[in-house]
Amino acid sequence: MDIKRDDYIFLDVTWETGFKHIVPCRGFNLQSQLNFSSSLDYVKSVTYRKVTQKLYEEMLCPSLQAADTYRDWE
């Protein structure tokens with residue numbers, strides 16, 4: 001995947017316990033975030049995907065959404 005400096009990225013982190021979470025980052029710091037997440041004990045896998053600016057901003061600032069709506073970040 002061709003990642004550009006200004007791309008919006010979600011890292012999908014899965015732990016050995018099965019717990020999953022998302023780390024938002026930008027293209028310019030993707031490699032650092034991948035290295036850091038992969039270096040953590042008990043992290044089973046780290047993958048990444050490009051997302052839209054809107055989705056990225058919604059994750060960083062969920063108060064912009066209505067309180068009673070559900071968002072699965074997919």
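Reader: Contact means heavy atoms within 4.5 Å. Which strands do the buried residues of α2 pack against?

Author: The buried residues of α2 pack against β1, β2 and β3. Buried means under 20% relative accessible area (exposed is over 50%, partly exposed in between; 1.4 Å probe, protein chains only). The model is predicted: local features need pLDDT of at least 70, side-chain atom pairs 80 or more, and totals for chains, interfaces and linings use all residues. Numbering starts from 1 along each chain, and side-chain values use heavy atoms, without hydrogens or water.

Reader: Which residues of α2 are buried?

Author: Leu55, Tyr56, Glu58 and Met59 are buried there. Helix α2 covers residues 53-60. Helices (H or I, at least four residues) and strands (E, at least two) are DSSP runs, numbered from the N terminus.

Reader: OK, the sheet. What is the strand order?

Author: The order is β2-β1-β3, in an open sheet of 3 strands. Pairing is antiparallel; a pair needs at least two DSSP bridges.

Reader: Which strands stand at the edges?

Author: β2 (20-26) and β3 (43-51) do. Each has a single partner strand, so one side of each has no neighbour in the sheet.

Reader: How many bridges join β1 and β3?

Author: β1 (residues 8-15) and β3 pair over 8 bridges. Take Val13 as an example: its bridge partner in β3 is Val46.

Reader: Do those two turn up anywhere else? I mean, which residues form the largest nonpolar core?

Author: Val13 and Val46 are both among its 9 residues. The others are Ile9, Leu11, Val23, Cys25, Leu30, Leu34 and Val43. A core joins buried Ala, Val, Leu, Ile, Met, Phe, Trp, Tyr and Cys through side-chain atoms within 4.5 Å.

Reader: Which elements give two or more residues to this core?

Author: β1, β2, α1 (30-39) and β3. The largest share, 3 residues, comes from β1.

Reader: And what does Cys25 touch?

Author: Cys25 touches Asp7, Tyr8, Ile9, Leu11, Leu30, Gln33 and Tyr56. That list leaves out residues up to four places away in sequence. Ile9, Leu11 and Leu30 are in the largest core with Cys25.

Reader: And where does Tyr56 belong?

Author: Tyr56 is in a second, separate core of 6 residues. Phe10, Val51 and Met59 are also among them. Tyr56 and Met59 are both buried residues of α2.

Reader: New topic. Is Arg49 buried or exposed?

Author: Arg49 is buried, with a relative accessible area of 18%. Arg49 lies in β3, an edge strand.
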